[in-house]
Amino acid sequence: MRAQHSFTTEFLIGLMVLGLGCGGNMTTGTAKKAVNNKPAEDGSCPSGQTLCGVGTFAICADLQSNPSHCGTCDRACSPGIVCQAGVCQQTACTSAEIPLSGQPTTGTSTTGLVPNNMPYTAATQILADVNGDGRLDRIEWLIPFCQDCGTSLSTFRVSLGRPGGTFATPDAYNASAAIGSVFATDANGDGLADLYVVSSTDVDAQNSRYHVELWLGQNDGKLKRSDTGGNSAEASVGQSNTAIGDLSGDGWPDLVMAAPFSDFDSPPKINVYLSDSTGGLHLSQTFIAWSGRTVIADWNGDGSPDLALLGDGMEILYNRGDGTFEQPLDCGVSVGGKPMAERDLVVDDFNRDGWMDIAAEDSRNRVTVMLGLGGCAFSPLSAYDIHGSNVGFLLDADMNGDGILDLVSVSSISDVSGLPNIGVTATTDQLLSVLIGNPDGTFHLQDTVISLGPNWISNVTIGEVTGDQRPDIIVSSSDGKSGQSSTWENVCQ
């Protein structure tokens with residue numbers, strides 16, 4: 001089940017580097033090529049906007065109001081926090097602790113058959129403002145852990161955010177096939193979040209065809225499916241190394257995934273698909289490489305997004321600046337006795353020095369942090385104890401409003417039961433811990449620990465949903481028969 005969780009995580013990491021913006025006819029649901037955020041031929045930007053990025057990835061941004069470039073380029077506010085006068089309008093905490101007030105029945109329950117008292121089908125979610133009312137909405141879909149769980153696996157649901165952190169009754173939408181992931185970005189520059197929905201159908205026993213659809217946000221909250229061209233690619237089934245993002249700087253998302261499987265004697269390969277002006281995907285390059293997770297980020301500081309392939313170690317494919325890549329470079333990096341692909345991890349710039357850092361669980365159930373020095377170079381790792389063990393989720397956000405990223409982990413307390421020879425365990429509690437970030441990229445564990453109860457947790461998301469300009473934590477969980485969404489409100493003072 002952890003492999004399926006990883007599949008979703010990489011898509012969300014790929015989302016963080018998207019810089020899509022377009023103009024389109026919202027009455028027809030058509031998305032067109034972005035032009036309004038690109039600099040002029042001489043590299044200049046309109047009055048009131050600043051040039052961010054270089055080369056084909058350069059855009060013009062209003063640093064006074066753009067939450068992705070607030071005050072300076074690439075300084076993003078936490079999800080749901082607005083940018084005004086170049087400052088993220090987050091409520092700053094004066095206390096050393098970050099208290100969280102639980103609302104265990106907030107939101108709409110997930111549905112679906114859960115056979116044999118086990119959560120074989122579980123909900124996962126993202127948060128995005130699809131109707132432009134300033135409140136984050138909840139987008140939910142089901143991840144299958146069995147072949148036939150009696151649920152519609154091609155359906156995703158959108159629950160509009162309400163004041164106080166609750167969500168309205170959801171509207172259901174049907175994708176073309178079983179959904180693997182959904183991610184959000186403003187694809188047409190209208191200020192509303194749009195959704196890219198990735199689904200797949202079986203080609204044969206080893207391979208699937210993946211489909212990418214664009215659903216456009218609307219002011220009334222009713223999404224419209226775009227009529228952009230066909231967008232599909234074939235890959236080996238069950239892979240968690242899929243990533244999506246703008247790799248060529250043309251404003252459209254490109255796709256990276258495992259090449260179709262042929263036979264056990266062939267080396268594993270990675271395919272890079274670049275999109276065209278209609279959104280259709282075309283195979284660009286194939287590399288002999290394997291990845292349990294693929295992360296899109298700028299690893300060498302040249303302004304172009306590179307590919308980090310995380311498996312037993314780490315390989316980087318450097319972008320040439322046009323969406324084509326150099327051959328994989330083996331970084332010789334590992335984290336504490338366990339393949340990186342099997343970990344819950346976060347890639348971000350924790351100490352704001354311009355280099356990507358990595359936080360991950362290690363084999364001793366701690367959170368380890370490697371601060372990046374550029375490319376494959378990292379400082380020696382630092383390890384931090386957390387409350388509980390068996391890290392299941394690891395996320396980052398500025399939880400206390402000091403402008404420094406913090407780490408949020410959810411771990412379990414389990415007892416061996418049933419048939420211990422095959423590792424069957426019973427979870428007695430799920431614990432939420434906060435590691436508060438320091439300016440130098442180190443962290444310290446706050447004393448307060450939050451008990452989430454023994455129910456199995458399928459997803460954890462951070463975003464400001466209660467209207468007080470503090471990021472909250474939204475948890476999807478299941479008791480083995482049905483699911484629920486819980487909002488844990490950040491009530492720091």
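**Sheets, disulfides and a nonpolar core in a predicted chain**

One open sheet here is built from 4 strands, lined up as β19-β20-β21-β22 and paired antiparallel. Its edges are β19 (293-297) and β22, each of which pairs on one side only. The model behind this description is a predicted one. Inside the sheet, strand β20 (residues 306-310) and strand β21 (residues 314-317) run antiparallel and are joined by 4 bridges. To pick out one spot along this pairing, L309 stands opposite E315 in β21.

A further open sheet also has 4 strands, this time in the order β15-β16-β17-β18, and again the pairing is antiparallel. The strands at its edges are β15 (243-245) and β18 (281-288), and each of them pairs on one side only. Going from one strand to the next, the twist averages 20 degrees. In the middle of the order, 4 bridges hold strand β16 (residues 254-258) to strand β17 (residues 269-275), and the two run antiparallel. Here L255 has Y273 in β17 as its bridge partner.

Stepping back to the whole chain, the secondary structure amounts to 1 helix and 36 strands. The chain has 493 residues, and 54% of them count as buried. Among contacts with a separation of 6 or more, 49% come from residues 24 or more positions apart. As for the surface, the chain exposes about 19500 Å², with carbon and sulfur atoms supplying 51% of that area.

What about the interior? The largest nonpolar core has 19 residues, and the ones touching the most other members are M399, L432, L452 and I473. Several strands feed this core with at least two residues each: β29 (389-397), β30 (406-416), β31 (425-437), β33 (450-453), β34 (456-463) and β35 (472-478). L452 makes a handy example of the surroundings. Leaving aside residues up to four places away in sequence, L452 touches V410, D429, Q430, L432, I457, V475 and W488.

Next come the disulfides. A disulfide is a covalent bond between the sulfur atoms of two cysteines. Searching the whole structure turns up 6 disulfides, and three of the pairs are described here.

One of them is formed by C45 and C60, with the sulfur atoms 2.1 Å apart. The torsion about the S-S bond of C45 and C60 is about -85 degrees, so this disulfide is left-handed. It links distant parts of the chain, 15 residues apart: C45 sits in the loop between α1 (2-15) and β1 (50-52), while C60 belongs to strand β2 (residues 59-61). The two ends also differ in cover. C45 counts as partly exposed because its relative accessibility is 21%, whereas C60, at 7% relative accessibility, counts as buried.

Another disulfide joins C77 to C88, with an S to S distance of 2.1 Å. The link of C77 and C88 is left-handed too, with -90 degrees about the S-S bond. This pair connects distant parts of the chain, 11 residues apart, with C77 in the loop between β2 and β3 (83-84) and C88 in strand β4 (residues 87-88). With a relative accessible area of 10%, C77 is buried; C88 has 25% and is therefore partly exposed.

Further along the chain, C331 and C376 are joined by a disulfide with an S to S distance of 1.9 Å. The link of C331 and C376 is left-handed as well, with -55 degrees about the S-S bond. C331 is placed in the loop between β22 (329-330) and β23 (345-348), and C376 in the loop between β26 (372-374) and β27 (377-378), so the pair ties together parts that are 45 residues apart in sequence. C331 counts as buried, at 13% relative accessibility.

Finally, a couple of backbone oddities deserve a look. Most residues other than glycine have a negative phi. A85 is not a glycine, yet its phi is positive, at about 55 degrees. A85 lies in the loop between β3 and β4, and its relative accessible area of 60% makes A85 exposed. R352 shows a positive phi of about 55 degrees too, again without being a glycine. R352 is found in the loop between β23 and β24 (357-361). With a relative accessible area of 43%, R352 is partly exposed.

Conventions: Residues numbered from 1 in each chain as written. Predicted model: local features only at pLDDT ≥ 70, side-chain atom pairs only at ≥ 80, totals over all residues. Heavy atoms only, no water. Pairing = 2+ DSSP bridges. Axes fitted to C-alpha atoms, helices over the stretch in contact; angles between N-to-C directions. Disulfide = S-S within 2.5 Å. Buried < 20%, exposed > 50% of the residue type's maximum accessible area, 1.4 Å probe, protein only. Contact = heavy atoms within 4.5 Å. Areas by Shrake-Rupley, 256 points an atom, 1.4 Å probe, with all protein chains shown as cover. Core = buried A, V, L, I, M, F, W, Y, C linked by side-chain atoms within 4.5 Å.
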